[in-house]
Amino acid sequence: MITRAEALVSMLLVGVAAGCSTSHPVADAGTLDGGDVPSDPSDGCDAEPTYPTGTSTDALTHDGLDRTFRVHVPPGSDGRARPVVVMFHGGGGSGAQLENASSRMDVIADREGFVTVYPDGTGAIRTWNGDGCCGSAAASDVDDVGFVSALLDHLEATLCVDRRRIFAAGMSNGAILTHRLACSLADRLAAVAPVAGTDMTSTCTPTRPIPIMQIHGSDDGHVPWEGGLGCGPANVAFTSVPTTIARWQSRNGCASTSTRSLAEGDGFCERSDDCDADVVLCTVEG
């Protein structure tokens with residue numbers, strides 16, 4: 001069976017993203033297996049690190065809200081610019097839950113030498129504003145895109161990170177936010193990997209093609225493969241997985257066809273053909 005964390009790391013260990021010229025330059029290749037890309041050390045490489053090895057908790061204020069997050073630094077962080085993966089929990093979850101009970105990402109981060117970050121959503125039942133979903137965050141139009149941008153500023157100033165290798169991944173409602181971030185922060189994110197959540201944006205105009213790997217179960221009841229209302233509490237009609245992939249194929253200049261790129265156990269991945277930046281759909285059957 002495809003392990004979510006292992007699949008995400010397949011995109012992490014290489015420089016990925018379509019080239020652009022911004023104040024936050026990302027990598028120069030548009031594929032999930034793209035070649036040698038030089039690092040871009042952040043300003044934090046010239047300062048004493050704020051966070052020690054292991055997991056630390058912290059907060060910053062954005063748009064009048066105190067926003068909490070967890071930062072996991074791998075051992076042996078010796079001043080080398082590290083990749084970063086920002087992980088977004090599902091609706092009703094938390095950064096601690098995603099770190100300690102769900103993703104198992106820290107084990108791989110320690111092995112491979114990248115920083116993992118686990119922000120918290122807002123509200124009594126924590127949710128993210130993914131535009132068309134979910135909960136109080138969407139109802140109150142919480143500025144989660146602005147918060148993530150401010151969080152990236154903070155990480156770049158306080159840690160030695162590689163600004164060309166900052167990634168986002170999320171689960172369910174967190175995946176829905178991840179799609180929105182790909183639309184709005186393509187100048188800062190090298191690639192994204194939403195898990196079990198589809199594109200709920202009303203508008204999406206990324207500044208460049210951005211590699212995306214969608215991971216989804218074919219029998220998902222909360223965010224159904226074919227879209228519409230799920231069995232969870234969100235009470236919204238979800239965008240289908242096929243429509244989500246078709247949107248990213250259009251944004252990334254892909255053909256409508258795809259090629260099987262991985263098969264293992266009850267999962268397989270298909271890479272869209274002829275893209276300016278990769279669009280990959282990984283399906284867990286059943």
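## Exercises on disulfides, cores and helices

The torsion about the S-S bond of Cys-269 and Cys-282 is about 105°, so this disulfide is right-handed. Keep in mind as you work that the model is predicted.

### Exercise A: a bridge between strands

**Task.** Find which parts of the chain the pair Cys-269 and Cys-282 ties together, and how far apart they are in sequence.

**Solution.**
- Step one, check the bond: the sulfur atoms of Cys-269 and Cys-282 are 2.0 Å apart, and the two form a disulfide.
- Step two, place each end: Cys-269 lies in strand E9 (residues 267-272) and Cys-282 in strand E10, so the bridge links parts that are 13 residues apart in sequence.
- Step three, look at the surroundings: Cys-269 and Cys-282 are both buried.

### Exercise B: buried or partly exposed?

**Task.** For the disulfide between Cys-45 and Cys-160, decide whether Cys-45 is buried or partly exposed, and whether Cys-160 is buried or exposed.

**Solution.**
- Step one, find the bond: Cys-45 and Cys-160 are joined with an S to S distance of 2.0 Å. Because the torsion about their S-S bond is about 90°, the disulfide is right-handed.
- Step two, locate the ends: Cys-45 sits in the loop between helix H1 (4-12) and strand E1 (54-62), while Cys-160 sits in the loop between H5 and E5, so the pair ties together parts 115 residues apart in sequence.
- Step three, apply the cut-off: buried means under 20% relative accessible area. With 24%, Cys-45 is partly exposed. With 13%, Cys-160 counts as buried.

### Exercise C: neighbours in a bond

**Task.** How far apart are the sulfur atoms of Cys-133 and Cys-134, and how does the pairing of all the bonded cysteines read?

**Solution.**
- Step one, the distance: the sulfur atoms of Cys-133 and Cys-134 are 1.6 Å apart, and the residues form a disulfide.
- Step two, the handedness: the torsion about this S-S bond of Cys-133 and Cys-134 is about 95°, so the disulfide is right-handed.
- Step three, the burial: Cys-133 has 1% relative accessibility and counts as buried, and Cys-134, at 10%, counts as buried too.
- Step four, the overview: the structure holds 5 disulfides. With the bonded cysteines numbered in sequence order, the pairing is 1-4, 2-3, 5-6, 7-9, 8-10.

### Exercise D: the nonpolar core

**Task.** Which residues of the largest nonpolar core touch the most other members, and which element supplies the largest share?

**Solution.**
- Step one, recall the background: in soluble globular proteins, nonpolar side chains tend to be buried together.
- Step two, name the hubs: the largest nonpolar core has 39 residues, and Val-71, Leu-181 and Leu-189 touch the most other members.
- Step three, list contributors: elements that each supply at least two residues include strand E2 (65-73), helix H5 (144-158) and helix H6 (173-184). The largest share, 6 residues, comes from H5.
- Step four, look elsewhere: a second, separate core of 20 residues includes Val-85, Met-105, Ala-169 and Cys-269.

### Exercise E: two packed helices

**Task.** At what angle do H5 and H6 pack, and which residues meet?

**Solution.**
- Step one, choose the description: two packed helices are described by the angle between their axes and the distance between the axes.
- Step two, read the values: H5 and H6 pack at about 70°, with axes 10 Å apart. That makes H5 roughly perpendicular to H6.
- Step three, find the contacts: Asp-144, Val-145 and Val-148 in H5 meet Leu-177, Arg-180, Leu-181 and Ser-184 in H6.
- Step four, sort them: the residues of the contact of H5 with H6 divide into 4 nonpolar, 1 polar and 2 charged.

Terms used: Residues numbered from 1 in each chain as written. Predicted model: local features only at pLDDT ≥ 70, side-chain atom pairs only at ≥ 80, totals over all residues. Heavy atoms only, no water. Core = buried A, V, L, I, M, F, W, Y, C linked by side-chain atoms within 4.5 Å. Buried < 20%, exposed > 50% of the residue type's maximum accessible area, 1.4 Å probe, protein only. Helix = DSSP H or I, 4+ residues; strand = E, 2+ residues; numbered from the N terminus. Disulfide = S-S within 2.5 Å. Axes fitted to C-alpha atoms, helices over the stretch in contact; angles between N-to-C directions. Parallel < 35°, antiparallel > 145°, perpendicular 65-115°, else oblique. Contact = heavy atoms within 4.5 Å. Nonpolar A, V, L, I, M, F, W, Y, C, P; charged D, E, K, R; others polar.
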